[in-house]
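Here are some short exercises on how two chains meet. Have a look at the model first, then work through each step.

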Amino acid sequence: MAGPINWFSQIGSITKFGLLSIPQRRGTVTATVFGIAGVVAVLVGVLSIAAGFKQAMTVSGAPDAAVVLRSGADSEMVSGLGRDQTRVIADSPGVAHTAQGPLTSAELFVIINLPKRSTGLDANVPLRGVEANAMQVRDNVKIVQGRMFEWGKNEVIVGSGAVQEFAGLEVGSKLKVGRYEWPVVGIFSANGGVAESEIWTDAKVLQEAYNRGDSFQSVYVKLNSPGAFQEFKDSLTSNPQLSVKVVRQSEYYAEQSQTMTRLITTLGFLIAFLMAIGALFGALNTMYSAVSTRTREIATLRALGFGRGAVVVSLMIESLLLALVGGAIGGGLAYLAFNNFHTSTMNFQSFSQVTFAFRVTPELLVRGIVWSALIGLIGGLFPAIRAARLPIAAGLREL
Amino acid sequence: MDNFKSLQVRLLTSAPACPRAMKFFHLIWCNLKRKKLRTSLTLLSILVAFILFGFLMAIKQALAGGVSMAQQDRLIVRHKVSIIQMLPESYQARMERIPGVALATHQTWFGGIYQDPKNFFMQNPVVPEEFLAMHPEIILSPEQKKAWLQTRTGAIVGRKTAERFNWKIGDRVPIQSTIWAQANGSRTWEFDIVGIYDGGKKGTDTTPLFFRYDYFDENRQVNQGKGLVGWYTIRVKDPTQAAAVAKLVDQEFENSSAETKTEPEGAFVQAWASQIGNIVLIVAVILGAVFFTILLVTGNTMAQAVRERTGELGVLKAIGFTNAQVMSLVLAESCLLTVLGGVLGLGLAFLIVPVLAKALSGLLPMFFLPTRDLLTGLGLSVVLGLVTGIFPALQAMRLRVADALRRM
């Protein structure tokens, strides 16, 4: 039997022969390539929704920042804290300080109805009342257009995601909240984080407008270091004056993103899996027809001494290559169509909208390519085995 | 080839009593059978496409289907700024005085957790008699209704949730509210299950639990909005006057501390669904990708089939088949393939969706496949057959007998 070099050269020549015959099989080959491209595009596209949503939620929480809520509350929406409590929280050990005092921001969180630009239908847009340290307790928040609102004045600044998604929030326009009209004076960004979906104003102004007295819903805290969290948490939970829940900001948002991410990922995989099965049948079809149109040629090669293994491997390489081309096309399509596509959805925990952008990450593209390769390999295997088993004499007789 | 010849003989010699359509059916069927492997692979990919179709339609129904359940004669009244702001209980009497309003009743979001936050389902305090009158789709037996009216701590729960947690009538269930504390500071509320209701329509959501507002209002903390309710539902006397009545309601409360926004139940549900995202568009894009793929696969199969059969089609023409007949034969073949795949796929989807629905009941309570979408799918399979068959069919029709026979 021939040595390995000979074996490889056999594979090489059969593969080349197969690839050169592709123009004669344009129809079937196109159908397979685009079938697989469709699977990969849908897989990558749907998962990019989950990736974008998760990114928006997780970029928001720094490890050295914490959120304090009323115990038993699962989001700011249903939480409540009095001024006396927020003071105790600010004076707790572990909180970072500047010359002006502790780095904390006691905040209010309500929702207002604004029409979505895309549908014109009302959506729950978060409106947050913040204190002077709000920018310092969060990383990455900065004004990108206009200016910061003036403290004590009925003015708002709007997140860059909210401006894009909801109507009537440009700088210079007026936001109507009940009987109040608040001018929009600036736009802020938060590195793609969840704050970009929000509208901010002075907490005092919001307390007045909502008859909230001197109460808040949450306290955002900057810690001395990520390690100071446990000390901070212990001091609050052991304090009999307080009944609060202390979470890291990163965990708080990760927990809120769970339901939606799980839903999208589960549905995305199910859809892509079914599509992959459909495309697999298409790929099998192509490779079977490739084998049947080449019966004579394969028989001739076998008669000349080419091995069964070489036939199988080369047919699988052909199928794999077609699938990879399809996978690359599908990944490219998904990238062009979906990457950075801005939209918003409901965060069920906070009962309000989160704006985010679809993200076609390199990991998703790799996953798409792996799926296409699997379809190609399985789609090539059975036809290749059939080709290798063809009786040589019968095959030659077809001449 | 042998297959074809024997058929041809049967075709030409069969008794005149045999209906023509049946004769053609045999021919079409045998043509599909001649390349069994190719036909079954194509059939399978069509089948998968229609399972996906059914599956996506069920997702759409679950996320955006509430609109079709909405009643024409019901309006939802909420606080103008947002639904989280509450409305005074006293609005009810004022609403009922507005001309055109038949009935008004309120609900409030309780936000409760049973054992684990993952076990999400809705629980709302309601006024039992008004609530049942307003919602005829909630089917409760007269004895259970009577028990509810007599039990202050009584609650009724939908069949789905009752089965999920294995609750029986007489059970006492503790539910922890994320929002409402009782006067004694506890957030755990206990309810006695006095009734299990069924849905009057296929899409009726039977996951919520409803309990008595009087029990709720009496026990919630004083500073937590006593006398305030979440939103109102109104029944109008004449559905054609719904828009006018909605306007009157909003006018009634204009310039008060709690202004309202009133809209038809359908519009309210639609706005709610669109908050999740543009589901209809996403489903349409995915289905587009799926059917484009299947179009390629099936179209390719038919094109191959016609190409292989050029000679035989020439024979058919030579023995007197008209161009139209040849074209119909090819079209019928592709339609038979797609309709067969469609029926099998939709059938499988119809069997699978209820199984998935059980698994997803916490996440998507309204996950089911509506009959309307089954019919749409069936129609779609015919269209798919025509579209994939048309080019090969035209090719077959245009064949010139002499050219075709030369290829025999």
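**Exercise 1.** Find how many residue pairs are in polar contact between chain B and chain A in this predicted model, and which elements of chain B give two or more residues to the side that touches chain A.

*Solution.* Start with the count: twelve residue pairs, both at pLDDT 80 or more, are in polar contact between the chains. Next, look along chain B for the elements that give two or more residues to this side: they are helix 3 (36-64), helix 11 (265-276) and helix 12 (279-308). Helix 3 of chain B gives the most, with twelve residues. Finally, sort the side of chain B by class: 25 residues are nonpolar, 15 are polar and six are charged.

**Exercise 2.** Work out how many residues each chain brings to the contact and how much area is buried between them.

*Solution.* Chain A brings 55 residues and chain B brings 46. Together, the two chains bury about 4,300 Å² between them, and carbon and sulfur atoms give 71% of that area.

**Exercise 3.** Decide whether B:Arg78 is buried or exposed, then look at what surrounds this residue.

*Solution.* First, place the residue: B:Arg78 lies in strand 1 (residues 74-79) of chain B. Its relative accessibility is 4%, and the cut-off for buried is under 20%, so B:Arg78 counts as buried. Now check its contacts beyond four places in sequence: they include A:Asn113 and A:Asp122 from chain A, and B:Trp231 and B:Lys261 from chain B. To finish, follow two of these partners: B:Lys261 forms a salt bridge with A:Asp122, with the closest N and O atoms 2.8 Å apart. Between chain B and chain A, the count is two salt bridges.

Key
Residues are numbered from 1 along each chain as its sequence is written. Chains are lettered from A and ligands numbered from 1 in the order in which they are written. This is a predicted model: local features need pLDDT of at least 70, side-chain atom pairs count only at pLDDT 80 or more; totals for chains, interfaces and linings use all residues. Side-chain values use heavy atoms; hydrogens and water are left out. Contact means heavy atoms within 4.5 Å. Buried area is the accessible area (1.4 Å probe) that two parts lose on being put together, summed over both. A salt bridge is a side-chain nitrogen of Lys or Arg within 4 Å of a carboxyl oxygen of Asp or Glu. A polar contact is a pair of N or O atoms within 3.5 Å; within protein, one must be able to donate a hydrogen and the other to accept it, and residues adjacent in sequence count only if both atoms are side-chain atoms. Helices (H or I, at least four residues) and strands (E, at least two) are DSSP runs, numbered from the N terminus. Ala, Val, Leu, Ile, Met, Phe, Trp, Tyr, Cys and Pro count as nonpolar, Asp, Glu, Lys and Arg as charged, and the others, Gly among them, as polar. Buried means under 20% relative accessible area, exposed over 50%, partly exposed in between (1.4 Å probe, protein chains only).
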